[in-house]
Amino acid sequence: MALELTGEEATDGTHAAATLVFDLRARAWDPDLAAMLELPIGLFPRVAPSWAVLGRLRPAIARRMRLPATTPVVLGGAGPPARPLGAGGVAAGPVSGMGGSSTCLHARVPPPRDGAPVRHNTPPAAGRVTHS
């Protein structure tokens, strides 16, 4: 969506983590994992914070949407990591629930200790606390 709106290629950490090729500790694409999957590291877009202004609307999009071309486009984040933020979970402690065709519980937790295995976490939509 951001590419279409702005012409800029980027993703945020919440979406990058879903690929399982994103190093959560380094907050960067993992070249070793990419190589194991025989994927060129250049295939992956730059990673920016969820709250980053990626750019402005492309002129054709602005005209079609009847918005100023100066309208900023914020990158945004994946729904599950953003839900605790929307529920007030801005620090470790609160747990939020999401119901639908499945049920998920989300909690903000401190970053994993150095050397501790990380099975599946996603970075938060905002801040420095990780999600589990």
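These questions and answers walk through a predicted model of one protein chain.

Visitor: What makes up the secondary structure of the protein chain?

Guide: The chain has five helices and nine strands. In sequence order the pattern reads α-β-α-β-β-α-β-β-α-β-α-β-β-β.

Visitor: Why is Met36 called exposed?

Guide: Its relative accessible area is 65%. Exposed means over 50%. Met36 is therefore exposed, since 65% is over that cut-off. Met36 lies in helix H3, which covers residues 31-36.

Visitor: Which residues form a nonpolar patch on the surface with Met36?

Guide: Leu37, Leu39 and Leu43 do. Together with Met36 they have about 420 Å² of accessible area. A patch takes residues with over 30% relative accessible area. Met36 has 65%, so it passes that cut-off.

Visitor: What makes up the largest nonpolar core?

Guide: Seven residues do: Ala16, Ala17, Val21, Phe22, Trp29, Ala34 and Phe44. They are called a core because they are buried and joined through side-chain atoms within 4.5 Å. There is also a second, separate core of six residues, including Ala2, Ala10, Ala48 and Ala52.

Visitor: How much of the protein chain counts as buried?

Guide: Of its 132 residues, 33% do. The cut-off for buried is under 20% relative accessible area.

Visitor: What does the chain expose, and which atoms supply 59% of it?

Guide: The chain exposes about 8300 Å². Carbon and sulfur atoms supply that 59%.

Visitor: How do you know that residues far apart in sequence meet?

Guide: Count the contacts with a separation of 6 or more. Residues 24 or more positions apart account for 48% of them.

Conventions. Residues numbered from 1 in each chain as written. Predicted model: local features only at pLDDT ≥ 70, side-chain atom pairs only at ≥ 80, totals over all residues. Heavy atoms only, no water. Helix = DSSP H or I, 4+ residues; strand = E, 2+ residues; numbered from the N terminus. Buried < 20%, exposed > 50% of the residue type's maximum accessible area, 1.4 Å probe, protein only. Contact = heavy atoms within 4.5 Å. Areas by Shrake-Rupley, 256 points an atom, 1.4 Å probe, with all protein chains shown as cover. Patch = residues over 30% accessible without salt bridge, like charges linked within 9 Å, V, L, I, M, F, W, Y side chains within 5 Å. Salt bridge = Lys/Arg side-chain N within 4 Å of Asp/Glu carboxyl O.
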